Amino acid sequence: MKGQVLCEKRTASDGSCVAVLTMDNKPVNALSAGVRVGLEKQLQELTADSSVKAAVLSGGPGVFCGGADISEFATGVEGPSLTDIIAAIENSEKPVVAAIDGVSLGGGYEVALGCHWRLASSRAQAGLPEVNLGILPGAGGTQRLPRLIGAEKSVDFICRGTPMKAQKAVQLGLYDQLVDGDYSSLLQAAVEFAAKAAGQDLTLRRLGRGKAKAAELSQKRQEYAKSRKGELAPQAIISCVEAAVAQDFQDAMKVEFSEFCKLMVGPQAQALQYMFFAQRQCQKVPGLDKAAAPGTCGIVGAGLMGSGIAMCCAENGIKVVLLDIDQKNLDRGMTAIKKNYARSVERKSKSQAQVDGLLASITPSTSYDSLGHCDIVVEAVFENMDLKRKIFAELDRVCKPGCVLASNTSGLNIDSIAEATKRPQDVVGCHFFSPANVMPLLENVRGPRTAPQVMAKAMAFGAKLKKVTCLVGNCPGFIANRVMNVSGWTHLIQGGLLPHQIDAAAEAFGMRMGPTRMMDLVGLDLFGRERERKGEQDDQNEYERFQKLLAEEVGPGNPHGWEIKSDWAKDYSKQQFKMRVSLRSHESGNPNKLLRGDGKYKGVVPEDFLGFLLKPELPGMKEWKDVETLPDGFIKYCRVKAPCMTPRDHCWKYTIDRRADGSIFVCIRTTTHPECPEKPGIIRAYYYNSCVFKMSETEEGVMEMTEFIFQDLKGGLPVSLMNAALPKGTLEANKAEMKTLLAKKKGCIARRDPLQLYKASRFGQKSGKGYYSYDASRRHSRDPEAEALIQQVWKNLGVQPREMSQEEIIDVLYLPVVNEGFKCLEEGMALRASDIDVCCVFGYNWPRYTGGPMKWGFSLGLDQVLAKVEKMGLKPSELLKEGAQKKWRINSKEFNAGVASAWNSRWTSKL
Ligand SMILES: C/C=C/C(=O)SCCNC(=O)CCNC(=O)[C@H](O)C(C)(C)COP(=O)(O)OP(=O)(O)OC[C@H]1O[C@@H](n2cnc3c(N)ncnc32)[C@H](O)[C@@H]1OP(=O)(O)O
């Protein structure tokens with residue numbers, strides 16, 4: 001049995017004997033069975049031993065008691081009940097004085113409420129945080145407190161669940177007296193106090209009697225229904241406090257017991273208790289040694305992020321050098337910090353002296369050389385790889401050996417950044433969430449070459465900053481952004497739902513803000529500009545990639561090489577394009593000799609092409625194999641027999657990349673089987689085509705082909721596109737059906753709706769209008785103009801407005817997130833399912849009482865999740881499939897072993 005209670009007899013100055021009972025259960029003296037048994041036994045001895053006049057109850061130096069043992073909740077609580085023990089303390093004829101040094105929380109503070117007096121050191125804290133675990137103070141806390149400080153104040157104290165420091169706690173009446181000095185002074189004072197109290201009538205010191213003073217709490221119900229939306233515990237707490245006002249202690253205790261039991265077995269309590277341990281576990285990384293936290297941090301970039309990180313460091317005792325090579329930016333950053341702190345002084349959350357100290361610990365600088373003594377440097381400039389690489393090259397030059405070089409990128413490849421230095425092992429990602437001084441999450445990103453001791457230092461950095469720190473792998477978006485980005489809100493908006501319908505469902509689910517309100521807050525201009533920028537960058541990358549491919553395969557060194565020249569013309573008014581491909585052989589010795597006639601293609605765009613990609617049942621195509629679809633139902637990969645211009649079997653492979661600007665690139669590789677069944681031995685050419693289409697959407701919502709790169713390599717004919725393969729008229733016949741199909745699917749690809757709003761200068765809250773319009777106090781309301789823009793998109797897509805149930809909307813929004821979480825696990829990008837939950841809860845305000853997306857997914861049942869994910873046309877994660885088949889639970893050994901092994905195979909081998 002964990003824990004015990006020690007007893008030591010002390011003699012007070014008046015000569016009387018006082019028993020000092022000390023709860024002993026490291027690290028927080030949780031009230032495990034051993035402690036409860038010990039308390040019960042010591043109380044019996046106290047009654048029996050006539051030489052002892054009084055008792056002091058303590059938890060030793062530094063911590064009084066962290067409350068009931070939460071780990072017992074899942075396995076079932078055995079041994080004497082806490083309620084009975086507290087009653088025994090309260091009913092003792094000999095005075096019991098609590099001597100509180102450090103925290104007295106939950107059951108720990110309830111024990112103190114059972115004592116006749118509560119003495120506290122200045123380090124003490126009182127709290128009833130059970131609400132954060134989805135339960136209530138069920139050992140008489142909801143009853144004794146209202147009888148001590150009144151019903152209204154009790155509701156606030158218990159429903160907020162925030163611990164209160166000693167001085168304030170004394171003012172509120174939570175503690176009777178503050179004792180200056182350390183633990184031994186406190187203990188000495190408590191012993192003297194108890195000795196003096198011996199023999200007094202204790203009736204009035206017993207809180208477990210009578211009723212609490214009358215109070216009206218209906219207002220409080222509304223208040224907490226709003227501030228702790230969706231949570232069951234606050235309302236149950238108010239019911240208990242109402243009972244404290246209306247009923248005698250014993251009857252009201254029955255109400256408390258009943259409410260406690262209802263909450264305890266419910267899903268919210270289970271999820272919140274899971275979260276309690278998940279939050280602590282994510283900071284532990286097997287195989288990493290403990291490291292000292294940095295004492296000095298350099299920050300490169302004095303923008304919003306950089307100044308936020310600087311404040312966060314300063315407030316946690318880390319000295320800062322804030323660097324920006326642009327003096328104006330630096331001044332702006334320092335001004336922002338000063339303004340922020342001035343507001344803290346106004347709000348009295350910090351004193352002027354504290355603020356002066358914090359500002360003194362931040363040194364502004366414009367010179368890289370000032371970073372030479374830093375233990376860690378966090379680069380926090382905007383997301384531009386070239387710029388980041390330049391900065392890291394500079395850091396490599398100026399930073400001392402062993403300095404951790406961290407990038408606050410929110411998604412760029414840490415490895416590419418590390419390559420800019422001669423010490424890639426020292427490079428790590430420290431992904432803060434904005435605003436960095438407020439948001440509790442830090443994702444520490446491990447690059448493929450980051451050394452374990454550097455990771456350990458980054459983890460210690462997070463702990464020192466009091467961030468919930470999670471180690472994650474190096475993949476686009478890392479964990480929180482990666483999984484949340486696949487949420488299907490754009491699918492909904494382009495599928496006939498208005499923003500307020502989507503947000504209402506998300507907020508009822510527990511999200512603090514629905515996705516479109518969130519977009520308005522973040523700023524649609526950021527999103528739009530990024531799209532434009534990324535679109536250009538992607539074009540360039542794609543162009544270079546295919547130029548390279550061409551050069552490798554078609555270049556003069558290649559004996560089968562063809563030089564390809566293609567040009568094309570488009571006439572969108574007729575929805576037609578023409579293409580001409582010329583192949584010139586280097587083999588012939590005359591590069592200008594046209595080896596084959598120009599291939600010509602005249603096709604209808606885009607429905608026929610996209611229709612093919614959408615619709616495996618298209619006539620003429622047969623034996624679809626290995627079909628892999630994109631989330632929106634487009635084919636990502638397939639093999640298909642196509643009765644093309646020759647009777648050969650063609651094996652067509654498609655790779656479709658969806659790009660940030662909303663366009664898609666389609667790469668087709670066609671091989672003709674050498675073992676052609678129809679004409680064995682005659683045509684043995686093995687040819688290979690690759691076509692790259694850049695599809696984008698016109699203003700009118702029509703997909704248009706804006707670029708076409710054609711390759712016909714290693715012989716063979718210019719490929720004929722699919723409509724050449726179809727019986728005449730087939731496409732026409734299919735067009736209507738395809739249009740409907742496209743209307744359904746196309747919006748998913750284009751994701752253009754935010755762009756529409758951006759183009760209409762609706763940037764979100766900052767411009768007073770986005771998906772909603774905003775008043776001067778930033779309150780949102782539906783906006784006919786925004787809705788008209790969205791309705792125009794529906795019209796273009798042929799979509800009708802629709803109604804969906806809350807459950808259906810939530811499925812589309814968040815089941816993709818669960819699926820992506822499983823993908824992170826199978827790729828070894830997250831160490832545990834619960835780490836993903838922690839990232840979403842602390843990085844995205846995912847409702848804590850669902851336990852995060854993974855816990856939520858498991859609670860729905862993985863078979864259900866899988867079925868719905870497949871129905872949505874998403875490619876399910878292999879791990880999810882396995883889990884659904886084997887009926888894993890979140891704590892299944894096999895599941896956790898699989899996840900650990902995926903992590904180890906990715907990381908251990910590279911240590
Ligand atoms: C009817 C009555 C119901 C109740 O009483 S429910 C319980 C109510 N109490 C609470 O909710 C308090 C929860 N605990 C805390 O808030 C914090 O903890 C403390 C403020 C007490 C200490 O904080 P810090 O010093 O930062 O340490 P740490 O990392 O949070 O905890 C150290 C280790 O102690 C375990 N732990 C803490 N409280 C409890 C508890 N109440 N029951 C069981 N374990 C507990 C943690 O998990 C962790 O363990 P590891 O080192 O293995 O990660």
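UniProt positions are given here in the numbering of this model, and such annotations may be inferred rather than shown by experiment. With that in mind, I opened my notes on this predicted model.

**Entry 1: the annotated span.** I looked up the record before turning to the ligand. In an unreviewed entry, UniProt lists residues 297-474 as "domain: 3-hydroxyacyl-CoA dehydrogenase NAD binding". I then checked that span in the model: helix makes up 41% of residues 297-474 and strand 22%. The C-alpha atoms at the two ends of the span are 23 Å apart.

**Entry 2: who surrounds the ligand?** I found 21 residues around the ligand, and those that come nearest are Ala68, Ile70, Gly107, Arg280 and Lys284. Sorting the shell by residue class gave me eleven nonpolar, five polar and five charged residues.

**Entry 3: polar contacts.** Next I went through some N and O pairs. The side chain of Lys284 has an N or O atom 2.3 Å from a ligand oxygen. For Arg280, I noted 2.7 Å between a side-chain N or O atom and an oxygen of the ligand. Ile70 takes part through its backbone, where a polar atom sits 2.9 Å from a ligand nitrogen.

**Entry 4: cover.** How much of the ligand does the protein bury? I get 68% of the 960 Å² that the ligand exposes when taken alone.

**Entry 5: which elements supply the shell?** Two or more residues each come from α2 (70-75), α4 (107-114) and α12 (267-281). I marked α12 as the one that gives the most, with three residues.

Technical notes: Residues numbered from 1 in each chain as written. Predicted model: local features only at pLDDT ≥ 70, side-chain atom pairs only at ≥ 80, totals over all residues. Heavy atoms only, no water. Near = heavy atom within 4 Å. Polar contact = N/O pair within 3.5 Å; in protein donor to acceptor, adjacent residues only side chain to side chain. Areas by Shrake-Rupley, 256 points an atom, 1.4 Å probe, with all protein chains shown as cover. Helix = DSSP H or I, 4+ residues; strand = E, 2+ residues; numbered from the N terminus. Nonpolar A, V, L, I, M, F, W, Y, C, P; charged D, E, K, R; others polar.
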